[in-house]
Amino acid sequence: MTPLMLMLIAGAGIALLLFLVLKYKFQPFVALMLVSIIVALVAGVKPADLVATIEGGMGKTLGHIAIIIALGAMIGRIIELSGGAEALAKTLIERFGNRRTPLALTVAGFMVGIPVFFEVGVIILMPLAYGVARAARKPLLIFALPMCAALLAVHAFLPPHPGAVAAASQLGADLGRVLLLGIPLVAVVCMVGYFIAGRMTRKTYPMTDDIRAEVYGPHVTNADLEAWARNDYSTVREVAESKEFGAEANAGSLAKSLPPAPAPGFGLIITLILLPIVLILLGTLATTLLPAGSMLRDVLTVLGAPLVALLIDTLLCAWLLGSRRGWSRSQVSDVLGSALPGVAMVILIAGAGGVFGKVLVDTGIGAVVSEALRHTGLPVLALGFILTMLLRAVQGSTTVALVTTAGILSPLIATLDLSANHLALLCLAMGGGGLAMSHINDAGYWMFTKLAGLNVADGLRTWTVLVTILGTLGFVMTLILWPLV
């Protein structure tokens, strides 16, 4: 089959994938699997070899990422239901003080975003933003915008979030190096987001009646919010009484069945969040700095394997946040198990992305696409960022955009002989594309705008513009770091 025909098949396959997801609202896993099978057969895979191709792509991808995503979700779930995430955010607010509360919530978004998924982080932290806005008599967006942008930045860039893990797996990048380079990069992105959000929120945006009444009470109007932004409180007739907010307000039946206990300490939650990161980084540094055959190197390599580091942290979370605080063994088991339904489909989507990548390689499409991309003259970082951002813009999901781009780029990467640090930077550049362009086809966009009380146009002016700027900033930072690592 000619290279032109293979290119047309690849283009038609991606177009069909987007058409199924956007037009007919196919579940991304089903759409990826269907398109993979169609592309494989049209491009010449023998029917007898089709199942082996699919199983090979699925098995290779899930063998690396399924355990990591599942354990990461368990850690996030037990921190969430123990009240640890809320306690962390409240402590940061107290320590930063009233004048720097938006910065405190931004830091909370960064830290809470490491173990928990974006959607969960928003559900945990948004009620805290409600309470702070109510007490300070300030527009909600001042607090919510930088906080949620930080949550999404961590979700797009860093493991153990599924898109980052899947992209690193398909490209052969070391997760330790992704974390080593990514954590300071994302910290800078979040801080810049805080300052940009501060500029954006100098303008007061009207809130929908339902959210405004929930946050401030039924007697507060949008005119009052504009007056508050000017530090004029003379128009306020009544402010709602303080409401219960935080994890308890959003607790489901499982959380309510757990025995009451004091919130975990700030230091404990920080330690549990950082422990797997530190172990993974030590494992990466050990393979670089210590001699082969060294006992210390072997020990740190085992402890620093991402699945081992996350397993250790899961067990510590189960004991320190569960058993030691009065949870029975069955309750601890139920809490850990409750994390899996929420990530099962994410794991399958990542696996289906691996199938699509395997099909591209086995049919020869990958080599043709690789050669075509090489002739564009664009640096590989730019290709990763642009492809991910385009896919993110047209279909909405950060995870799908990352796994699809990784499948397209992996044949090209195999020919470039990139260093481990450069592979990590490529994953981070793709994460920038996954952060950008969150708009009306993204569930996260609707989640934020609904809970922040914004209309569609104001959501595009604030949320979409901010995350696109931050995603582009992340990409620019990878370009700056590229010749230095």
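This is a short tour of a predicted model, with stops at a pocket, a pair of packed helices and a single serine.

**Stop 1: the largest pocket**

Start by selecting Glu119, His155, Val346, Ser397 and Ala443, the lining residues that lie nearest the centre of the largest pocket. The space around you here comes to about 820 Å³. Now widen the selection to the whole lining, which has 38 residues. Colour them by class and you should find 20 nonpolar, 12 polar and six charged.

Which helices each supply at least two residues of this lining? Switch to cartoon view and pick out α1 (3-22), α3 (47-81), α6 (118-136) and α7 (141-157), then α17 (340-362), α19 (380-395), α20 (398-414) and α22 (443-452).

**Stop 2: from α22 to α23**

Stay with α22, one of the helices of the pocket lining, and add helix α23, residues 456-481. Their axes are 10 Å apart, and the helices pack at an angle of about 110°, which means that α22 is roughly perpendicular to α23.

To see the contact itself, show side chains for Tyr445, Trp446, Phe448 and Thr449 on the α22 side. Facing them from α23 are Val456, Gly459, Leu460, Trp463 and Thr464. Six residues of this contact are nonpolar and three are polar, with no charged ones.

**Stop 3: Ser410**

Finish in α20, another contributor to the pocket lining, and select Ser410 in that helix. Is Ser410 buried or exposed? It counts as buried, because its relative accessibility is 17%. Leaving aside residues up to four places away in sequence, Ser410 touches Gln170 and Leu171, so add both to the view before you leave.

Terms used: Residues are numbered from 1 along each chain as its sequence is written. This is a predicted model: local features need pLDDT of at least 70, side-chain atom pairs count only at pLDDT 80 or more; totals for chains, interfaces and linings use all residues. Side-chain values use heavy atoms; hydrogens and water are left out. On a 1 Å grid over the protein atoms alone, a cavity is a set of points where a 1.4 Å probe fits but cannot get out, and a pocket is an open set with protein on both sides within 12 Å along at least five of seven lines; lining residues have an atom within 4 Å of a point. Grid points are joined across faces, edges and corners, and a volume is the space filled by probe spheres set on the points. Helices (H or I, at least four residues) and strands (E, at least two) are DSSP runs, numbered from the N terminus. Ala, Val, Leu, Ile, Met, Phe, Trp, Tyr, Cys and Pro count as nonpolar, Asp, Glu, Lys and Arg as charged, and the others, Gly among them, as polar. Buried means under 20% relative accessible area, exposed over 50%, partly exposed in between (1.4 Å probe, protein chains only). Contact means heavy atoms within 4.5 Å. Axes are lines fitted to C-alpha atoms, for helices over the stretch in contact, and angles run from 0 to 180 degrees between N-to-C directions. Angles under 35 degrees count as roughly parallel, over 145 as roughly antiparallel, 65 to 115 as roughly perpendicular and the rest as oblique.
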